[in-house]
Amino acid sequence: MLEDTSFAIHPGKETNGSAVVYQDIGNVMDFYKEGTAYLFTCSNGKVTIQFYTPSIVRITMNSKEWPNLNLSKSVIVTPQAVTIGETNTKELLVLKTAELVLKIRKSPFRVAIEDQNGRILVSEDKQGMAYRENGEVIAFKKMDKEDHFYGFGEKSGHLDKRGEKLEMWNTDVYAPHNPETNALYESIPYFMTLRDGKAHGIFFDNTFKTYFDMKSSEEYYSFSAEGGQLDYYVMAGPHPKHVLEQYTYLTGRMPLPPKWSLGYHQSRYSYETEAEVRELANNFIERDIPVDVIHLDIHYMNGYRVFTFDKERFPNPEKLIADLKEMGIRVVPIVDPGVKKDSEYPIYQEGVLEDNFCKYIEGDIYYGEVWPGNSAFPDFTEERVRKWWGEKHAFYTSIGIEGIWNDMNEPAVFNETKTMDLEVMHRNDGNPTTHRELHNVYGLLMGKATYEGMKENLHGKRPFLLTRAGYAGVQRYGSVWTGDNRSFWEHLQMSLPMVMNLGLSGVPFTGPDVGGFAHDTNAELLTRWTQVGAFTPFFRNHSAIGFRYQEPWQFGEKYESIMKKYIQMRYKWMPQLYSLFYQASKNGLPVMRPLLMEYPEDAKTYNLNDQFMLGDNVIMAPILNPSVTDRAVYLPKGEWIEYTTGVSYEGENVHLVHAELEDLPIFVRKGTALLQGEWNSNQDKQTKTLTMKVYASDSEENYSFTFYDDDGETFAYENGEYIKLDIDIQSLKGKININIVTIEGNYNPAYNEINVEVVGTERTVSVNGKNSHTIKL
Ligand code: GLC
């Protein structure tokens with residue numbers, strides 16, 4: 001108790017901890033090449049170096065034996081045949097690809113990595129790679145005074161993590177989420193360094209508890225793990241977009257999500273009965289507020305048993321789901337990993353009889369307390385168990401469910417440590433490994449089981465998965481929400497850098513609980529948050545039991561009509577959003593971006609937390625404070641037009657803009673274009689009229705972008721059922737030239753042309769050289 005008072009900083013409390021002693025890897029004694037790997041025997045351990053591509057290199061250290069190069073749960077590729085130039089002298093071994101130069105000093109072993117222009121990306125400090133008796137491994141790298149650090153997955157605090165120490169250990173944090181709350185639900189041990197406008201990435205692929213210390217020194221930073229190998233990849237960049245392409249080349253990209261999952265989601269812990277869910281759905285229909293998904297939280301189940309419905313609360317789920325589908329609404333139920341210990345419950349019976357639960361090495365099942373009481377946990381590290389769990393989802397798909405919400409998959413347990421005992425031994429496909437090592441991938445592997453099982457059971461339809469916990473590569477299976485935030489303005493503010501850093505960590509489909517989960521929201525906060533939510537990749541309003549209901553109509557007509565306007569706007573922007581999601585699925589680029597991704601040369605963007613970009617040409621500058629109707633907006637290079645007012649703004653300037661409660665300042669870069677559809681109704685969400693708004697520029701501009709569309713629901717796009725246009729726009733004095741560079745695919749959308757509308761001054765418009773305002777499809 002005393003630790004919560006000022007006693008925590010009592011002067012007599014300080015003790016002098018003895019300095020930590022690391023064992024350096026030592027000198028290179030010998031090295032040779034085998035296959036794609038260079039193998040080094042050093043005085044105090046072994047190291048391997050492998051090039052994955054000319055721009056990605058992997059370095060692995062093991063203090064005892066040759067590094068095991070096949071442990072990764074997140075890297076999905078193997079090394080390419082890379083041409084490597086080699087120069088060996090007594091002091092130095094130099095390895096050179098088309099994009100990277102590795103200078104390996106031999107005594108002691110130190111690696112400096114440069115690009116082909118001699119720009120240093122990573123160089124080791126006087127300390128290099130090292131380890132401790134207790135199993136800890138660490139790498140020290142030089143820190144440049146211009147270094148800025150981003151990524152690190154799901155972290156509270158600001159965008160730039162220089163000056164922070166970050167911990168990766170998947171944790172169920174109900175409270176608090178504040179700048180010093182470090183370990184949250186996701187662990188993505190990856191970051192991007194931006195230095196003088198150029199970027200590179202480091203992925204530390206270690207599933208133990210890891211730390212990134214960008215705080216203790218101005219001379220060096222370090223990353224370390226409590227155990228395992230020091231195993232990291234360096235990605236050359238040099239543009240932030242290249243870094244992300246390289247990182248997602250390694251860890252995979254998001255599959256194209258079903259279009260309905262990009263709509264508005266309404267949730268509550270919990271809508272407790274079928275009647276309540278029907279009333280909720282009717283409210284959306286009658287008020288003409290768009291909604292695509294209603295989530296069912298834990299009360300839908302019989303005693304919180306997964307793969308069941310409570311017969312009294314939900315007497316006929318199949319009918320409910322069918323009726324809602326008619327209304328244009330899908331149902332997504334929550335599925336937690338904890339399986340109730342109940343010998344009359346078939347899932348538990350099967351799990352025990354088929355030996356599917358996590359166990360201690362001695363053979364006893366591990367039980368932990370979660371919502372259903374004492375529960376067992378499937379061992380998702382085993383392929384056989386993942387398949388079992390995946391197949392069980394036929395329970396949901398057979399009644400029309402196409403999406404699942406995975407929660408508590410850190411895994412969360414209601415005890416002091418908040419999780420499973422660390423000595424629990426996972427089967428791990430024939431390579432038994434403790435929970436201490438695999439804790440951070442439990443959620444990822446549950447996501448894999450769920451996504452793959454749903455896909456199998458949906459026979460050609462795209463599943464949607466929402467997950468709370470994950471590790472590097474989680475984007476391959478699902479979208480991520482940022483867990484149990486609160487209805488505080490500070491949490492609205494924090495959600496922007498959080499979602500942007502998740503995007504920079506390869507996870508493009510994310511968002512916070514709009515309105516705030518715990519605590520009572522209020523009219524103004526919910527309205528401002530809904531404006532932001534309309535443009536975050538994942539858009540779900542969710543609130544907790546015991547707190548105020550926060551559906552868009554809960555605060556009266558004035559607020560409802562503003563929220564309705566923005567939720568409808570989300571649907572008008574759907575063609576633009578869907579094209580950005582397509583891009584994310586192809587090259588890993590985030591949908592929602594910090595400005596530094598597009599303007600890495602502009603230092604003013606390096607820690608810009610309260611603005612974000614949608615794609616490469618739109619800047620959102622929401623109001624994030626109560627009673628505020630004016631704010632400063634920084635606009636980078638270019639000329640900009642405010643979306644609603646049409647007012648022009650000069651770039652490389654700060655502007656004071658006015659925004660009443662009904663206003664969200666949105667800036668579109670002149671010379672670029674936006675695709676817009678329309679809002680019809682909940683029952684009919686299909687775009688029928690497609691407009692391309694071209695923002696005329698006063699100077700000459702060229703802009704290229706890709707428009708993509710398909711049926712939004714199935715995998716038919718894999719067989720050519722899509723439409724893709726690569727479009728070039730030339731903005732000249734008095735004229736806009738539009739060139740359709742390529743048109744691809746066999747999909748026939750409900751619209752058969754794109755109408756071109758010029759925003760700003762009058763211009764003549766040509767399409768492929770002919771005067772016209774329509775692009776025929
Ligand atoms: C956890 C989740 C929250 C959910 C609740 C009940 O706190 O983070 O979203 O509503 O559990 O299932």
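Arg278 is partly exposed, with a relative accessible area of 25%. Its salt-bridge partner is Asp323, which is also partly exposed, at 22%. Both values fall in the partly exposed class because that class starts at 20% relative accessible area and ends at 50%. The model is predicted. Its protein chain is divided into four domains, listed below.

**Salt bridge Asp323–Arg278**
- The side chains of Asp323 and Arg278 meet with an N to O distance of 3.0 Å.
- The pair links distant parts of the chain, 45 residues apart.
- Asp323 sits in helix H3 (residues 317–326), and Arg278 sits in helix H2 (residues 274–287).

**Buried salt bridges**
- Arg468 pairs with Asp407 in a salt bridge, with 3.0 Å between the closest N and O atoms.
- This pair also spans distant parts of the chain, with the two positions 61 residues apart in numbering.
- Arg468 lies in the loop between strand E29 (464–467) and strand E30 (470–471).
- Asp407 lies in the loop between strand E26 (403–406) and strand E27 (425–426).
- Arg468 and Asp407 are both buried.
- Arg593 and Glu598 form another salt bridge, where the closest N and O atoms are 2.7 Å apart.
- Arg593 and Glu598 are both buried.

**Network and total**
- Asp172, Asp407, Glu410, Arg468 and Asp484 are joined into one network by salt bridges that share partners.
- The salt-bridge count comes to 43.

**Domain layout**
- Domain 1 covers 6–143 + 203–251.
- Domain 2 covers 265–338 + 383–414 + 437–572.
- Domain 3 covers 593–668, and domain 4 covers 673–776.
- The centres of domain 1 and domain 2, taken over C-alpha atoms, are 38 Å apart.

**Interface of domain 1 and domain 2**
- Contacts involve 14 residues of domain 1 and 15 residues of domain 2.
- The two domains bury about 1200 Å² between them, and 57% of that area is on carbon and sulfur atoms.
- There are 0 salt bridges between domain 1 and domain 2.
- Polar contacts between them number 9 residue pairs, with both residues at pLDDT 80 or more.

**The domain 1 side of that interface**
- Strand E16 (198–204) and helix H1 (240–251) each supply at least two residues to the side that touches domain 2.
- H1 gives the most, with 4 residues.
- By class, this side of domain 1 has 6 nonpolar, 5 polar and 3 charged residues.

Methods:
Residues are numbered from 1 along each chain as its sequence is written. This is a predicted model: local features need pLDDT of at least 70, side-chain atom pairs count only at pLDDT 80 or more; totals for chains, interfaces and linings use all residues. Side-chain values use heavy atoms; hydrogens and water are left out. Domain bounds come from an automatic or database domain assignment. Contact means heavy atoms within 4.5 Å. Buried area is the accessible area (1.4 Å probe) that two parts lose on being put together, summed over both. A salt bridge is a side-chain nitrogen of Lys or Arg within 4 Å of a carboxyl oxygen of Asp or Glu. A polar contact is a pair of N or O atoms within 3.5 Å; within protein, one must be able to donate a hydrogen and the other to accept it, and residues adjacent in sequence count only if both atoms are side-chain atoms. Ala, Val, Leu, Ile, Met, Phe, Trp, Tyr, Cys and Pro count as nonpolar, Asp, Glu, Lys and Arg as charged, and the others, Gly among them, as polar. Buried means under 20% relative accessible area, exposed over 50%, partly exposed in between (1.4 Å probe, protein chains only).
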